[in-house]
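Trainee: I should like to understand how the statements made about a ligand site are justified. May we go through them one by one?

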Amino acid sequence: MRFQLTEDQRALREGVRELLTRRFGPQALRVAVEEPGRLDRALWRELGAAGFFALRLPEERGGVGLGLPEAVLAFEEAGRALLPGPLVATHLAAGGVPGAADGEAVVADVGGSGLVEWLAEADVVRGEAAGAVPLRSVDPLTPLHRAPEGAGVDPAAVLLTAAEQLGSATRVCELAAQHARTREQFGRPIGAFQAVQHLCAEMLVRTETARAAVYAAAVTADPADVDTARLLADEAAARGARDCLQVHGGMGFTWEFEVHLHLKRTWVRTHRTGSATDSEERMAAELLAEPA
Amino acid sequence: MDLTYTPEEEEFRARLREWLAKVLPTLPPKPSPDDWPARRAYDLGWQRMLHDAGYGDVHWGASPTVRLIFLEETEKAGAPYVGAGFVGLLHAGPTIAAEGTAGQRERWLPPILRGEEVWCQGFSEPDAGSDLAALRTRARRDGDDYVVSGSKIWTSHAEVADWCELLVRTDPDAPKHRGITWLAMPMDAPGITVRPLKTLAGSAEFAEVFLDEVRVPVANRVGEENDGWRVTMVTLSFERGTAFVGEVVACRRVLRELAAEARGNGRWDDPVLRRRLGRLNAEFRALWRLTQWNVSEAEAVGGVPGVGGSVFKLRYSHARQELYDTAADVLGPASLDLDRPWMLDRLSSLSYTIAAGTSQIQRNIVAERILGLPKGR
Ligand SMILES: Cc1cc2nc3c(=O)[nH]c(=O)nc-3n(C[C@H](O)[C@H](O)[C@H](O)COP(=O)(O)OP(=O)(O)OC[C@H]3O[C@@H](n4cnc5c(N)ncnc54)[C@H](O)[C@@H]3O)c2cc1C
C-alpha cells in the first residue's frame with residue numbers, strides 16, 4: 001500500500017495549478033465576478049487543449065487515458081482556483097457529446113436536485129431541462145436554473161464535486177493561516193491568539209480528513225467511499241469558508257475578499273448531486289449490509 | 001496513490017489471519033477489568049504467544065504498513081488489545097530501540113517482546129501536565145546513581161509495572177526544556193510508593209507515584225543527561241502517531257453493532273438517529289483512510305510518524321466520544337445501565353481528549369507546527 005501521490009500525480013497537479021494561476025488568477029476572478037453569467041470560451045478551449053475534460057477518456061478515443069485519481073487532483077485545483085463553469089458536467093460528457101472533450105462545447109447537466117448550472121451558456125444540456133426557470137443565484141459565478149425534476153446522479157459527479165470542495169477547503173485554510181500570520185492586533189499577530197489558532201487548526205483537521213476520504217474514493221471508486229468523500233468534503237469546505245471569514249474580521253465580510261465566493265460556490269456544490277441526507281441514508285444502510 | 005497491498009504484505013496478512021483463527025479459540029476468558037494482576041498476566045500471555053509465533057516485535061520491528069495490517073487483522077479477529085503492554089510496546093520500546101545503547105536494547109527490549117515485563121510512563125506531575133516541561137521531580141547524581149525525589153501522577157498501570165520511563169530534572173538552573181533526563185526506573189526500587197487513583201469509570205487504571213530518594217543507576221539513562229526533552233519528543237511522536245490506529249477498526253465494528261441494535265429496538269426508524277449513524281460511518285471510514293495516508297507517509301519518510309498524528313488524534317478522539325454518545329441514544333434509558341455493552345466504553349472515551357495531550361494542546365501543535373502560526377498565548 002503506497003497511499004501517497006506518485007511523481008506523475010504531483011506533476012499533473014502542479015501543471016494544472018500553473019495553468020490556472022496563469023489563466024485564472026485573482027485578477028481574472030475579479031473580472032469574471034464583474035461580468036456574471038458569461039463564460040470565458042477561450043479559457044474553456046484552453047482547458048480542453050490541456051486535457052482537462054478528456055483526462056479520463058482512453059487514448060484511442062483521443063483522450064489522455066488517465067483515471068479517477070488524476071481527475072480528482074485536477075478538480076481539486078479547479079476548486080481551489082474557484083474556476084467557474086459546468087466543469088463536472090462537461091468532463092463527464094467527454095466522449096459522449098461532440099466537442100466536450102476538447103472544450104469546444106459547454107455541457108450542462110440537470111443535477112440531482114433539479115438545479116442546472118450555466119443553462120443559458122450551454123451548447124448542450126443533458127437531462128430534462130424543459131420548463132426550467134432561472135433563479136437569482138447566490139453564487140455570482142454560477143448562474144442557476146431550477147428544473148421541474150432532478151436527474152439520476154453519476155457517482156463520478158459526486159466525487160469530482162467533492163474534489164472541488166476539497167480544493168476550496170484547502171484554499172480557505174491557507175488564506176486564513178496567511179492572514180493570521182500577518183494581521184496584528186494588540187501588538188502581535190492574531191495567529192498568536194489561541195482562539196484564532198484553534199479555528200485554523202480545526203480547518204486543517206477537517207481538510208486533511210476530507211483529503212484522505214476523497215483520494216481514497218478516487219482510488220477505490222467504492223460507492224460508500226464516494227458518499228464518505230462527499231460528506232466530509234462538504235463539511236470541510238462549508239465550515240472552512242465560514243471560519244476563514246471569521247478570521248478575516250470585517251474584511252471577511254466584504255465583496256472584495258474572495259472568501260464569500262468560496263462559501264457561495266461551496267453551497268452550490270453541496271446541492272449539485274442531490275441532498276446530503278441521501279448520502280447519510282446510504283451510509284446508514286451500508287452499516288446493515290454484510291461487511292466486505 | 002495505491003490502496004492495494006504488495007504480495008508480501010498480503011502474504012503476511014493471510015498468514016496472520018490463519019494463525020489468529022487457530023489460536024484465539026484457545027485463549028482463556030478475559031479477566032475482570034478491575035483485576036489488574038489478572039489483566040497483567042492475560043496481556044503478557046498474549047504478547048508471549050505473539051512473540052513465539054514471530055509477531056512479537058511487529059509494533060516497532062516491522063514496516064508501518066505491516067504494523068497497520070497487524071492491527072487491522074487482530075482487531076477484526078477480536079484478539080486481545082496490547083493492554084498492560086501499551087507503554088512498553090508502543091513507546092518505551094520504540095524509544096529505547098531508537099535512542100538506547102546496544103547494551104540497553106539488549107537488556108530491556110527482549111523482555112518487552114517476550115511478554116515478561118510491563119512498563120509505565122512517568123511523565124505527568126501534579127503541576128506539569130500539558131506543560132510537561134515544567135516537571136519538577138529532581139534527580140541528583142550520587143556516584144553511579146541518580147537519586148530521585150518527587151511525584152508523578154496519572155501513571156497508567158503503575159501498580160503492575162516493572163519499569164517506568166521516567167522524566168526527571170537533572171539541571172534545575174537550565175531553561176525549562178533543557179535540564180530534563182529520560183531514565184528507566186525499576187518499579188521495585190526502595191522509596192517508590194504507588195497509590196492507585198480511581199477513574200470516573202470506577203476502575204483503577206492509573207495511579208500516583210511518590211518517589212523518595214529512589215536510586216536509579218546512571219546506566220539506566222537513555223540519551224544524554226539533560227537531553228531528555230528530545231528523547232521525549234521521540235516517545236510522544238510514537239504515542240500520538242500510531243498508538244490509536246487499531247481502535248478505528250474497533251469503532252467501525254461497534255457502529256455495525258449499533259446499527260443492528262437500533263434495527264432490533266426500533267430506534268432505526270428515527271431518521272435523525274439513522275442519519276447520525278450514517279454520518280459516523282462516513283467519519284470512521286474517513287479516519288481509516290487518514291490512518292492509511294499517515295502510515296504511507298511515515299513509511300515514505302522512514303518510519304517515524306510526523307505531526308500528522310496530531311491531526312488524527314484530534315479528530316479521532318472527538319469522533320469516538322460522539323460514537324458512544326450515539327450508542328447511548330440507541331439504547332435510550334438502558335444507557336444508564338453500566339452492564340449494557342458500550343456504556344463503560346462511553347465513560348472511558350471521555351479520557352481520549354485529555355490523555356496523550358489534550359485537544360487544546362493538539363490544536364496548538366497543528367496551528368504552530370503545520371500552519372506556521374506564531375507561538376500562542
Ligand atoms: C486516562 C489517562 C491516562 C493517563 N496516563 C498517563 C500516563 O500513563 N503517564 C503520564 O505521564 N500521564 C498520563 N496521563 C496524563 C495526561 O497526559 C495529562 O492528563 C494531560 O497531558 C493533561 O494534563 P493535566 O491533566 O495536567 O491537565 P492540565 O494541563 O492542567 O489542563 C487542564 C485544562 O487546561 C487546558 N490547557 C492547559 N494548557 C493549555 C494551553 N497552553 N492552551 C490551551 N489550553 C490549555 C487543557 O487543555 C485542559 O482542558 C493520563 C491521563 C489520562 C486521562
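Mentor: We may, beginning with a caution about records: UniProt annotations may be inferred rather than shown by experiment. The model before us is a predicted one. The unreviewed UniProt entry places the feature "domain: Acyl-CoA oxidase/dehydrogenase middle" at residues 120-213 of chain B.

Trainee: What are the helix and strand contents of residues 120-213 of chain B?

Mentor: That span is 0% helix and 51% strand, and its end C-alpha atoms lie 19 Å apart.

Trainee: Why is the ligand site called shared between chains?

Mentor: The site is shared because residues from chains A and B surround the ligand. The shell holds 18 residues, and Gln194(A) and Gln121(B) are among the closest.

Trainee: What makes the approach of Gln194(A) to the ligand a polar contact?

Mentor: A polar side-chain atom of Gln194(A) lies 2.6 Å from a nitrogen atom of the ligand. The cut-off is a pair of N or O atoms within 3.5 Å, so this pair qualifies. By that cut-off, Ser130(B) also qualifies, with a polar side-chain atom 2.6 Å from an oxygen atom of the ligand.

Trainee: How much of the ligand does the protein bury?

Mentor: The protein buries 66% of the 970 Å² that the ligand exposes when taken alone.

Trainee: How many residues of each class does the shell have?

Mentor: The shell has seven nonpolar, 11 polar and no charged residues. Within chain B, domain 2 (119-225) and domain 3 (230-370) each give at least three residues to the shell.

Conventions:
Residues numbered from 1 in each chain as written. Chains lettered and ligands numbered in written order. Predicted model: local features only at pLDDT ≥ 70, side-chain atom pairs only at ≥ 80, totals over all residues. Heavy atoms only, no water. Near = heavy atom within 4 Å. Polar contact = N/O pair within 3.5 Å; in protein donor to acceptor, adjacent residues only side chain to side chain. Areas by Shrake-Rupley, 256 points an atom, 1.4 Å probe, with all protein chains shown as cover. Nonpolar A, V, L, I, M, F, W, Y, C, P; charged D, E, K, R; others polar. Domains from an automatic or database assignment. Helix = DSSP H or I, 4+ residues; strand = E, 2+ residues; numbered from the N terminus.
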